[in-house]
Amino acid sequence: MLGGFLAQLLNGVQYGLLLFLISSGLTLVFGVMGVINLAHGSLFMLGAYLAFAVTGAALPLWLALPLAVAGGAVLGGVLERTLFRRFRTREHLDQVLLTFALILLFEEARAALFGNDFHGVPVPAALDFSVPVFGGFAYSAYRVAVLLGCLGVAALLFWGIERTKLGSAVRAAAEKPEMLQLLGLDAQRLHTLVFAAGTALAMLAGALAAPLYSVFPGMGDGFLIISFVVVVVGGVGSIAGAFWAAMLIGLVDTLGKAYLPGVAGLAVYALMAGVLLWRPAGLFGRA
Amino acid sequence: MSHQVIPALSRRALLGAAALAPLSAPALAQGAALKLGLMLPYSGTFAALGENITAAIEMYLAEKGGRLGGRAVQLVKLDDESDPSKAVQNVNRLLGRDGAQAMIGTVHSGVVLAMVQASREKGVPLIIPNAGNANATGELCAPSIFRTSFTNWQPAFGMGKALAAQGVKRAAWISWDYAAGREAGQGFEQGLKSGGAELVKSLWLPFPEANFQPLLAQVPGLGVQAVGSFFAGGGAVQFVKDYAAAGLKNSVPLCGSGFLTEGTLAAQGAAAEGVRTALHYGDGLDNAKNHAFRAAFKARTGREADVYAVQGYDAAQLLAVGLEATKGDIAAERALVTAMRAARIDSPRGAFTLSAQHNPVQNIYLRQATEGQNKVIGIAAPALADPGTGCRMASI
Amino acid sequence: MVIASRRGHLLLGGAALVVALLPLVAGAYVLQLVSTALVMALFALSLQLLVGGTGLVSLGQAGFFGLGAYAVYFVQGKGAAASLLLTLPVAALLAGLAALAVGALALRTRGFFFLMTTLAFGQMLYFLIHDAPWAGGADGIFVQRPNFGLFGLDYVPARRDRPAVLLWTNLALLCAAYAGLVVVMRSLFGRMLQGIKENDHRMQALGHNTYAVKLVAFVLAGALAGVAGHQWAMTEAFVNPELLGWHRSAEALLMVLLGGLGALHGPLLGAFAFIGLNELAQLVTERQRLVEGLVILAAVLLLRDGLAGLRWRSRA
């Protein structure tokens with residue numbers, strides 16, 4: 001029984017870390033630029049299909065990871081320069097519909113390039129084994145690798161934001177946009193950088209997750225909604241908030257499914273409602 | 001040798017042709033083609049299924065020179081995208097705009113409900129070539145509604161029965177929490193019971209999530225000898241892989257409704273090897289009809305036939321039985337339905353008849369995944385009929 | 001937000017008359033299509049009260065629309081048709097109550113947070129209906145069309161007349177809702193909403209409880225969406241969980257934007273344009289998503305004031 005519970009905790013942490021990877025980009029872009037990006041889930045999907053394409057061409061999966069980061073950075077930069085820059089000062093409705101249109105267009109591109117089937121993505125051969133963890137239950141080595149990889153990226157993000165010059169600019173932009181001018185920083189370049197980084201994070205998450213979740217049409221939608229819940233619970237623009245909220249939601253969702261299957265689908269929303277009642281600005285947000 | 005089947009034109013071209021022809025002209029006159037509406041997924045998750053069903057229907061029509069019961073048949077195709085939110089509108093298009101006089105469709109069990117409703121309201125004959133929801137031949141049954149596929153209950157019942165026959169006493173069930181999964185779970189439980197075995201626990205996951213870990217981690221603690229499951233498509237790929245990766249495959253054998261490994265074996269790879277499933281069709285079924293069908297389908301499309309192609313082919317066969325009886329008059333409801341009800345379809349899956357609720361009474365085969373094929377290794381339940389609970393068939 | 005001038009209202013009235021006379025000339029399929037457009041117009045109109053009227057962009061409106069549709073099933077179950085006089089108020093009430101619960105929480109946040117929160121709660125309603133055993137299942141379920149029963153005198157239209165009767169019912173409800181919103185927007189309450197849209201903080205500083213005012217608007221919009229959902233169920237005789245999905249919320253926003261944020265009647269034009277474009281796209285291409293995506297892009301980039309604005313701009 002205890003072994004089962006520990007296995008569930010491990011599942012929750014692993015799911016939470018993946019959620020963090022996805023929602024960190026969303027919360028960064030939103031915090032720094034004030035732009036909402038409904039297409040964030042589609043970027044996740046693009047990363048996953050990239051992994052599918054790479055393994056489909058008989059290339060190793062690990063090659064997809066730098067490709068996802070580089071491709072995401074380029075795509076993000078282009079999107080920011082051509083579209084999102086114009087929409088920063090536009091109404092919320094315009095941003096919502098612009099990014100909704102992007103969802104439709106990304107889905108269409110996906111359909112044209114890869115068709116509409118579900119596809120499995122093979123786990124790299126070197127990690128295609130399982131390690132027994134608790135009482136007859138094994139954990140695939142790839143799952144462990146994803147867990148460690150997400151932890152690594154999270155550590156890198158924290159270090160980057162807390163310890164580097166760029167990071168302090170990001171924090172300044174999220175907290176007091178007017179500070180940027182005073183510090184003599186180029187806001188436009190920062191926006192391009194942040195959007196590129198956010199896109200790269202989403203695509204990296206997609207590439208990592210592809211062997212765990214398969215790739216399929218509309219796969220970004222579910223992750224988009226749950227990322228929104230993470231951002232709302234964590235507080236906007238806060239990387240630490242996104243981290244702890246993602247862990248919390250990963251655990252609540254996993255344990256809910258294991259022990260309260262009747263209400264599992266609603267558990268994370270109930271959590272969000274509770275947080276909104278208690279701290280409307282999110283756990284780590286400033287009111 | 002020209003016949004009036006339009007095999008491979010795109011929907012746009014078909015609609016263009018339909019727009020030119022006067023829609024309201026009575027099409028009953030001898031020689032006027034019967035408009036057979038195919039409402040199937042040609043895009044979306046189930047597009048491949050829709051393509052194979054359609055190809056098999058076209059193949060049967062071509063075999064018959066484009067005529068059923070002496071009447072030329074013109075296909076009108078509509079892509080339902082497997083999108084239930086557009087289903088009612090799409091049926092209206094098929095019947096109201098395109099003037100279909102009979103319907104074959106579809107794959108998605110939510111979309112098919114809209115077709116069932118239209119058939120009940122307007123009396124347009126409907127043959128379901130895949131969707132397995134119980135209510136279509138249960139509480140929503142009607143004289144005009146037929147099915148040539150299966151109910152979700154049937155394969156799962158066969159699997160449960162086969163497990164019990166192998167000496168399994170305790171088993172668990174894992175599925176998505178939706179109508180199909182619930183119906184299959186019920187069949188599995190009743191199949192186990194019929195052989196004196198017990199369903200210890202059912203584990204459910206919200207549809208269509210693919211995070212199976214929280215469920216799999218519970219399996220070792222249940223003390224069961226087998227796990228049954230109902231998943232299809234990509235969900236099935238992921239589930240079978242995760243089940244193996246969780247180290248459960250050897251300690252607690254996985255089995256399920258046939259869709260668990262149908263069309264997915266290549267993607268599942270070694271994780272699926274040895275998994276047993278039950279379905280009304282399988283690889284290596286040794287009968288003359290099957291060999292001929294598979295060869296013809298391969299020659300026509302370049303693809304291997306699958307269970308969906310069989311279901312589509314049999315839908316066309318069943319319609320042919322009705323139209324033979326009425327000399328091509330689709331409106332002669334009593335004669336049409338009476339003939340179709342009594343039909344004995346010489347199917348590649350083996351001959352089958354129809355139950356009082358118009359669902360196939362068919363063999364459910366036990367299969368084992370071996371080297372990328374679902375090899376038939378026996379019969380899990382011979383001539384199995386769905387209970388058809390809740391059906392009160394109107395008289396004709 | 002502009003309310004159409006006397007002349008504009010004459011034009012709208014004329015359009016309504018044309019729609020009302022359609023059954024004389026059009027076949028069942030066209031009537032069905034126009035009926036759907038009328039229902040979607042009602043749905044988009046409910047959203048306009050929030051977006052154009054109060055400056056609140058909600059992405060959860062389909063949740064209330066779908067609940068209104070499901071109200072028909074909750075009242076009737078699989079049994080016989082009930083009277084419209086029962087099902088319609090229940091639909092409005094159920095959707096309104098859900099909007100009260102969601103709004104009370106979501107309105108504690110602002111801007112994008114409000115948007116994300118409404119989206120998440122809308123999806124919660126979707127999953128609730130999708131997974132609950134008492135809601136008829138994930139595949140959706142048939143309902144009998146509510147009849148026009150009044151004190152034991154049930155009017156059930158003959159099958160041949162049904163498309164026309166449904167069209168007139170939807171048209172009447174749309175006209176009534178529009179007229180009601182004209183009154184609301186011209187009232188003191190409506191002016192407060194406009195004040196909130198322009199500057200929430202100033203309204204607060206002036207001593208108004210803007211939270212309460214916004215909540216009333218949110219509930220009103222939710223109830224109206226519920227009425228639209230009810231009409232959907234009555235028109236289609238089929239409800240499914242997809243009615244509550246967030247893509248439908250986004251499409252309603254698109255109708256509002258297509259029609260124009262600046263005018264109360266914008267969503268009416270937007271809904272008809274959207275349904276028309278959809279039907280056209282379905283005829284000419286399999287890539288409907290591409291068409292819809294490009295239409296949205298064009299609308300967002302070029303059509304700042306929507307269809308309602310075109311006319312004014314060309315005259316100005």
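This passage describes chain C, the domains of chain B, and the contacts that chain A makes with chains B and C in a predicted model.

In the predicted model, the secondary structure of chain C comprises 13 helices and two strands. Its radius of gyration is 19 Å, close to the 20 Å that the globule rule gives for 316 residues, so chain C is as compact as a globular protein of that length. Along the principal axes, the C-alpha trace of chain C extends over about 55 × 45 × 45 Å. Of the 316 residues in this chain, 56% are classed as buried, and, among the contacts in chain C with a separation of 6 or more, 80% are made by residues 24 or more positions apart.

The contact between chains C and A involves 33 residues of chain C and 28 residues of chain A. On the side of chain C that touches chain A, two or more residues are given by each of α5 (111-131), α10 (246-259) and α12 (288-302) of chain C, and α5(C) gives the most, with 14 residues. When the residues on this side of chain C are sorted by class, 23 are nonpolar, five are polar and five are charged.

Chain A also touches chain B, in a contact that takes 29 residues from chain A and 28 residues from chain B. The side of chain B that touches chain A draws at least two residues from each of α2 (47-63), β8 (198-205), α7 (213-216), α8 (233-245) and α9 (265-268) of chain B; the largest share, six residues, is supplied by α8(B). By class, this side of chain B is made up of 14 nonpolar residues, 13 polar residues and one charged residue.

Chain B itself is divided into two parts that are each discontinuous in sequence, domain 1 covering 11-150 + 286-358 and domain 2 covering 153-279 + 365-384. The centres of domain 1 and domain 2 of chain B, taken over C-alpha atoms, are separated by 30 Å. Where these domains of chain B meet, the contact takes eight residues from domain 1 and ten residues from domain 2. On the side of domain 1 of chain B that touches domain 2 of chain B, the residues divide into three nonpolar, four polar and one charged.

Conventions: Residues numbered from 1 in each chain as written. Chains lettered and ligands numbered in written order. Predicted model: local features only at pLDDT ≥ 70, side-chain atom pairs only at ≥ 80, totals over all residues. Contact = placed C-beta atoms within 7 Å. Helix = DSSP H or I, 4+ residues; strand = E, 2+ residues; numbered from the N terminus. Nonpolar A, V, L, I, M, F, W, Y, C, P; charged D, E, K, R; others polar. Domains from an automatic or database assignment. Rg over C-alpha atoms; globule rule 2.2 N^0.38 Å. Buried ≥ 20, exposed ≤ 12 C-beta atoms within 10 Å, placed from the backbone.
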